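This report describes a single protein chain with its ligand. The sequence and the structure are shown first, and selected features are then discussed in turn.

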Amino acid sequence: MSIILDNVGVTAPDSPDVTLLRDISFTLQEGSMTLLIGHAGSGKSTLLQVLSGLLHPHAGTITLDEQPVWLKPTKADAKQLLRFGLTFQFPEQQLFARSIRQEFAYSLRPYKLSAEERERRIHEATDRLDPHGVFAMDRSPFALSGGEQRRLALATTFATAPGWLLMDEPTAGLEAAAVRELLRMLRGHRGGLVVATHDLDTFFPLADRVLVLAHGELVFDGSPQELCRAPEVLARAGVGLPSCAEASQDLARVGIAIAPDLLTPTAAASAILSALRREGGSASAAAAQPAAARAASTAQPQQQPAAQAGWLRRDPRAKWLLYLLLAIGSMGQQGWGSLALAAALVGCAFIGLPHSVVRGIRKIAVSYAIFLLFSVALAGLEVSPWGYSAENAWSTTFILARLFVVLLAGYWLAMSTPYGQLVQGLNWALQYLHRWKVPVASFSLAVSFLFRFIPLILREWQQFSTIVRARGKASVRPGSVRVRDIPALVVPLLLAMFHRAEQMTVALEMKQIDGMTLLLRKCTLQWQRADTILAVCALLAGGILLYT
Ligand SMILES: Nc1ncnc2c1ncn2[C@@H]1O[C@H](COP(=O)(O)OP(=O)(O)OP(=O)(O)O)[C@@H](O)[C@H]1O
């Protein structure tokens with residue numbers, strides 16, 4: 001049961017111009033354990049999602065047992081999906097059900113097992129992962145401790161008996177004893193394993209193979225031992241050395257030569273002992289020196305920050321002004337002709353923004369059109385006597401169309417301005433109101449909080465929707481969620497958001513930040529000539545809309 005990736009390339013789901021993985025080719029053999037390592041953001045999690053059929057590659061092919069994983073760009077082969085088990089970082093965050101039994105039921109549902117087989121799988125998984133017998137089937141998963149929750153989350157994946165178990169940072173946040181326990185379980189896993197990790201020392205002794213990623217490209221494919229003998233590869237890829245290679249370099253400096261590929265403390269200890277016993281270890285230390293020197297001298301590649309797009313460089317105060325005038329001007333329109341003019345002016349604001357932003361309008365428009373159809377259908381209904389008023393329907397259409405133009409203006413502001421700048425721009429205006437004794441401090445705090453929260457919600461939504469697609473084995477378009485998976489998405493999402501809100505509140509309290517502090521912060525924005533031109537254009541656009 002081998003997995004073959006042939007020249008796979010992946011772009012960001014929402015931004016096809018951003019490449020996440022480039023020309024990845026390799027074959028993974030059944031029963032093997034492969035590590036994915038690389039610097040933060042190198043593409044490890046993305047590769048796991050591609051391997052498990054959650055993310056469609058824009059180029060190349062992926063086959064499992066010579067059968068393609070993807071039938072078409074929006075549809076993975078449902079049968080193939082059942083053969084993968086993907087666990088995410090902090091898998092305990094994915095729990096949502098009222099009872100442990102329901103957690104298992106949710107993970108096993110796509111497999112359509114008989115009742116006996118389902119019970120057998122649950123027993124087998126709990127035997128392995130519940131040594132202290134805390135998984136009473138009617139117990140709430142939220143009544144378990146953090147470590148027990150993680151074991152339960154892993155057990156639900158193990159119960160699906162995946163041919164390929166793919167794990168993202170499985171040791172993150174685990175204490176040493178729990179790591180040992182995890183390794184014991186992994187040794188017992190009968191299928192193939194792919195582990196994305198930064199924890200080289202834990203996994204190198206177990207792994208058959210290591211794939212190193214750097215900036216979305218595969219830069220090394222070989223055994224852990226080979227990689228330890230080539231520390232320059234790790235340095236170039238921005239990955240720290242495993243302890244065995246580091247110890248070998250340090251010992252070489254004091255004249256003790258041991259090989260850099262002794263992956264366990266036991267192997268290293270006996271090599272050190274032999275080296276100490278040997279006379280004149282210094283000569284061999286010289287042999288180890290070049291590798292150390294090579295590693296140290298290899299500078300890590302620096303990524304150049306991308307040039308900022310024109311709109312992003314503009315002062316947020318000018319953008320707020322344009323937004324407010326467009327929004328007020330659009331709301332003031334009473335006829336379709338002038339509303340079309342307002343829409344055209346809002347449309348002009350999108351010129352120069354990335355294609356992904358423009359594509360976002362299509363998504364918003366589709367959802368809004370559905371909402372509009374329902375609203376218009378209801379608005380026209382007349383109850384006594386029964387009938388349908390075209391006039392009511394038409395006026396509702398107009399009001400909703402006007403709202404849509406305002407919504408687009410808001411979307412433009414949000415997409416063209418980083419949230420920090422949005423808040424600064426608004427606070428600048430609020431400072432004047434504060435001087436005129438208008439109580440705006442709480443408003444300023446609420447706005448800062450809200451703007452900080454919106455991107456967090458979007459990020460968490462993306463993460464949890466990927467998790468439910470993986471657990472529910474949903475062969476649906478990436479980014480979408482089936483209705484029946486919504487409880488499995490909403491509960492962990494809300495819990496994560498509450499947790500985030502709590503963290504942010506504590507951070508604000510610790511830093512003693514309140515609305516007044518935010519309001520009185522020195523404004524670091526810099527008004528430029530182009531901003532004056534934008535402000536004049538905004539006033540002109542506003543003037544035209546108010547006049548029409
Ligand atoms: N939906 C997306 N849109 C745009 N960029 C994305 C998207 N998903 C991931 N990226 C970017 O792709 C790169 C690879 O992300 P990925 O999560 O795969 O990295 P990683 O190697 O797993 O990182 P880490 O070790 O920090 O978990 C990152 O720079 C990330 O910001």
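Helix α19 comprises 32 residues (residues 441-472), which at 1.5 Å a residue should span 46 Å; its end C-alpha atoms are 45 Å apart, in agreement with that expectation. The expected span is 1.5 Å times one less than the number of residues. Helices (H or I, at least four residues) and strands (E, at least two) are DSSP runs, numbered from the N terminus. The buried residues of α19 include Ser444, Ser448, Phe464 and Gly472. A residue counts as buried if 20 or more other C-beta atoms lie within 10 Å of its own, as exposed if 12 or fewer do, and as partly exposed in between, with C-beta atoms placed from the backbone. Just after α19, lysine 473 adopts a positive phi of about 50 degrees.

The model is predicted: local features need pLDDT of at least 70, side-chain atom pairs count only at pLDDT 80 or more, and totals for chains, interfaces and linings use all residues. Residues are numbered from 1 along each chain as its sequence is written.

Helix α4 can be examined in a similar way. The 15 residues of α4 (residues 115-129) should span 21 Å at 1.5 Å a residue, and its end C-alpha atoms are indeed 21 Å apart. Its buried residues are Arg121, Ile122, Ala125, Thr126 and Leu129. These residues cover an arc of only 125 degrees around the axis and therefore lie on the same side of α4; the arc is that of the directions from the helix axis to the C-beta atoms. On the other side of α4, Glu116, Glu117, His123 and Asp127 are exposed. The buried residues of α4 pack against α3 (100-108), α5 (146-158) and α6 (176-187), where contact requires C-beta atoms, placed from the backbone, within 7 Å.

The unreviewed UniProt entry annotates residues 320-353, 365-388, 394-415, 436-458 and 529-547 as "transmembrane region". Such annotations may be inferred rather than shown by experiment. Two of these spans are tabulated below.

| Residues | Helix | Strand | Distance between end C-alpha atoms |
|---|---|---|---|
| 320-353 | 76% | 0% | 17 Å |
| 529-547 | 100% | 0% | 27 Å |

Overall, the protein chain has 22 helices and 14 strands. Its C-alpha atoms fill a box of roughly 95 × 60 × 45 Å, taken along the principal axes. Buried residues make up 34% of the 548 residues in the protein chain.

Technical notes
Contact = placed C-beta atoms within 7 Å.
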